[in-house]
Structure formats: structure tokens, C-alpha cells
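Work through the exercises below with the sequence and the coordinates at hand. Each task is followed by a stepwise solution.

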Amino acid sequence: TMIDIDQDYKSFGKLDVLQGVNMSGSTGEVISLIGSGSGKSTFLMCIMRMLSDKGMTMILVTHENYRGY
């Protein structure tokens, strides 16, 4: 499985929490999100669709839909 996230954006009112976040990962990779107050939980909640976001493009490639990405 591969994942590709492009231009994630999230705000709460006038407070921009995520701006232009990009991430990609391949099978077997370990990805760490670090930082204090940097929007890690918000980013993960957007990925899991627990929060709505604006403009996020997420592609999840599995063995069923793999086309040589």
C-alpha cells in the first residue's frame, strides 16, 4: 500500500492550522510526525476523515488498484 497526500489545509475559524501539508509513504516505510503544537492530531484526523478539510487530495494505492505508481 502507498499513500499520497497533497495540499492538506485546515482552519478553525480564522486560525489556519494546516497549510499546504504534503506527505507520501510507500509499503514498509515508517513515517514520524513530530513537533509541539504543530497540528499532528489535526492532520491525522483529516486523514481518517474525522474532520472535514479543504482541498486535500488523498490517494491510497493498494494491491487491488496498483498501476505502477
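**Exercise 1.** In which strand is the place of Gln19? Classify the residue by accessibility and list its contacts.

Solution. The model is a predicted one.
- Step 1: Gln19 lies in strand β2.
- Step 2: The cut-off for exposed is over 50% relative accessible area. Gln19 has 54% relative accessibility, so Gln19 counts as exposed.
- Step 3: Leaving aside residues up to four places away in sequence, Gln19 touches Asp8 and Tyr9. For Tyr9, which is 10 residues apart from Gln19 along the chain, the C-alpha separation is 4.8 Å.
- Step 4: A polar contact of 2.9 Å joins the side chains of Gln19 and Asp16.

**Exercise 2.** Describe how β1 and β2 are arranged.

Solution.
- Step 1: β1 covers residues 2-12, and its pairing with β2 is antiparallel, over 7 bridges.
- Step 2: One bridge links Phe12 to its partner Leu15 in β2.
- Step 3: The two strands, β1 and β2, form a hairpin with 2 residues between them. In the turn, Gly13 has a positive phi of about 65°.

**Exercise 3.** Which residues form the largest nonpolar core, and which element gives the most to this core?

Solution.
- Step 1: The largest nonpolar core has 6 residues, namely Ile5, Leu18, Met23, Phe43, Cys46 and Ile47.
- Step 2: Two or more of these residues come from each of β2 (15-25) and α1 (40-47).
- Step 3: The element that gives the most is α1, with 3 residues.

Methods. Residues numbered from 1 in each chain as written. Predicted model: local features only at pLDDT ≥ 70, side-chain atom pairs only at ≥ 80, totals over all residues. Heavy atoms only, no water. Core = buried A, V, L, I, M, F, W, Y, C linked by side-chain atoms within 4.5 Å. Buried < 20%, exposed > 50% of the residue type's maximum accessible area, 1.4 Å probe, protein only. Helix = DSSP H or I, 4+ residues; strand = E, 2+ residues; numbered from the N terminus. Pairing = 2+ DSSP bridges. Contact = heavy atoms within 4.5 Å. Polar contact = N/O pair within 3.5 Å; in protein donor to acceptor, adjacent residues only side chain to side chain.
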